[in-house]
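Please open the model in your viewer and keep the sequence panel visible. The tour proceeds by selections, each followed by an account of what is found there.

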Amino acid sequence: MAFRPLHDRVLVERIEAEEKTAGGIIIPDSAKEKPSEGRIVAVGTGTRAENGTVTPLDVKEGDRVLFGKWSGTEVKVDGKDLLIMKESDLLGVMA
C-alpha cells in the first residue's frame, strides 16, 4: 500500500540503536530506549499559507533525522512500525 502524508507531515522509520555499548556490554531489549533517530520514508506536499501558496518541506525522502523521544504517532504500514509527525517535530537532519 502506498502512503503519502498530508501537508507538513513526514513518515519516519526508526533506526535501531546499537545492541552493545562501547565497552562491549550487550544491552537487553527490556533496557533499551526507543531510538530518537530515523530515516524519512515519505513527505507531504508542504505548508499551505492562507493565500494558497505552498511552501515545500526542508526534508526529503532518505534524509536521516533526529526527533524528540515522544514525538509523532506510531502507525503500521505494510507491516512496518513507522511514525507520522509534523516537520516542526524534527530536531535536525544528520549530514
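Begin with the chain coloured by burial: of its 95 residues, 28% are buried. The model is a predicted one, and the values given on this tour were computed from it. Display the surface next. The accessible surface of the chain comes to about 6800 Å², and carbon and sulfur atoms account for 53% of that area.

**The strands**

Switch to a cartoon view. The chain contains eight strands and zero helices, so that the order of elements from the N terminus reads β-β-β-β-β-β-β-β. How many of the contacts between residues at least 6 apart in sequence join residues at least 24 apart? The share is 62%.

**The largest nonpolar core**

Select Val10, Val12, Ile40, Leu57, Val59, Val65, Phe67, Leu83, Met85 and Leu90, and show their side chains. These 10 residues form the largest nonpolar core. Strand E1 (9-14), strand E5 (64-67) and strand E7 each contribute at least two residues to this core.

Within this selection, centre the view on Val12. Beyond its neighbours within four places in sequence, Val12 is in contact with Gly38, Arg39, Ile40 and Val41. The list of its contacts also includes Val65, Phe67, Leu82, Leu83 and Met85.

Now select Leu11, Ala42, Val77 and Leu82. They are among the five residues of a second, separate core.

**The hairpin of E6 and E7**

Move to strand E6 (residues 73-77) and its partner E7. The two strands pair in the antiparallel sense, over five bridges. Select Val77, and then look across to E7: the residue opposite Val77 is Lys80. Two residues lie between the strands of this hairpin. Asp78, in the hairpin, takes a positive phi near 55 degrees.

**Salt bridges**

Side chains of opposite charge can pair when their charged atoms come close. The count for this model is six salt bridges, and three of them can be visited in turn.

For the first, select Asp8 and Lys86. Their side chains meet in a salt bridge with an N to O distance of 3.9 Å. Asp8 belongs to the segment before E1 and Lys86 to strand E7, so the pair links distant parts of the chain, 78 residues apart. Is each partner buried or partly exposed? Asp8 counts as buried, because its relative accessibility of 16% is under the 20% limit. Lys86, at 33%, counts as partly exposed.

For the second, select Glu13 and Arg39, whose side chains meet at 2.5 Å, N to O. Glu13 is in strand E1 and Arg39 is in strand E2 (residues 37-43), 26 residues apart. Glu13 is partly exposed, with a relative accessible area of 22%, and Arg39 is likewise partly exposed, with 34%.

For the third, select Glu74 and Arg14. The salt bridge between their side chains spans 3.7 Å, N to O. This pair joins strand E6, which holds Glu74, to strand E1, which holds Arg14, across 60 residues of the chain. Glu74 counts as exposed, at 51% relative accessibility, whereas Arg14 counts as buried, at 18%.

**A buried charge without a partner**

Select Glu87, in the loop between strand E7 (80-86) and strand E8 (90-94). Which side chain of opposite charge is nearest to Glu87, and how far away is it? It is that of Lys86, 10 Å away. Glu87 is buried yet has no salt bridge; the separation of 10 Å may be set against the 4 Å cut-off for such a bridge. Leaving out residues up to four places away in sequence, Glu87 touches Asp8, Leu57, Asp58 and Val59. Leu57 and Val59 were already selected as members of the largest nonpolar core, and Asp8 as a partner of Lys86.

**The last strand**

Finish at Val93, in strand E8. Val93 is partly exposed, because its relative accessible area of 49% falls between the limits of 20% and 50%. Residues up to four places away aside, Val93 touches Val59, Asp63, Arg64 and Val65. Measure from Val93 to Val59 in the viewer: their C-alpha atoms are separated by 7.7 Å, although the two residues are 34 apart along the chain.

Notes
Residues numbered from 1 in each chain as written. Predicted model: local features only at pLDDT ≥ 70, side-chain atom pairs only at ≥ 80, totals over all residues. Heavy atoms only, no water. Helix = DSSP H or I, 4+ residues; strand = E, 2+ residues; numbered from the N terminus. Buried < 20%, exposed > 50% of the residue type's maximum accessible area, 1.4 Å probe, protein only. Contact = heavy atoms within 4.5 Å. Areas by Shrake-Rupley, 256 points an atom, 1.4 Å probe, with all protein chains shown as cover. Lys, Arg positive; Asp, Glu negative; His and termini not counted. Core = buried A, V, L, I, M, F, W, Y, C linked by side-chain atoms within 4.5 Å. Pairing = 2+ DSSP bridges.
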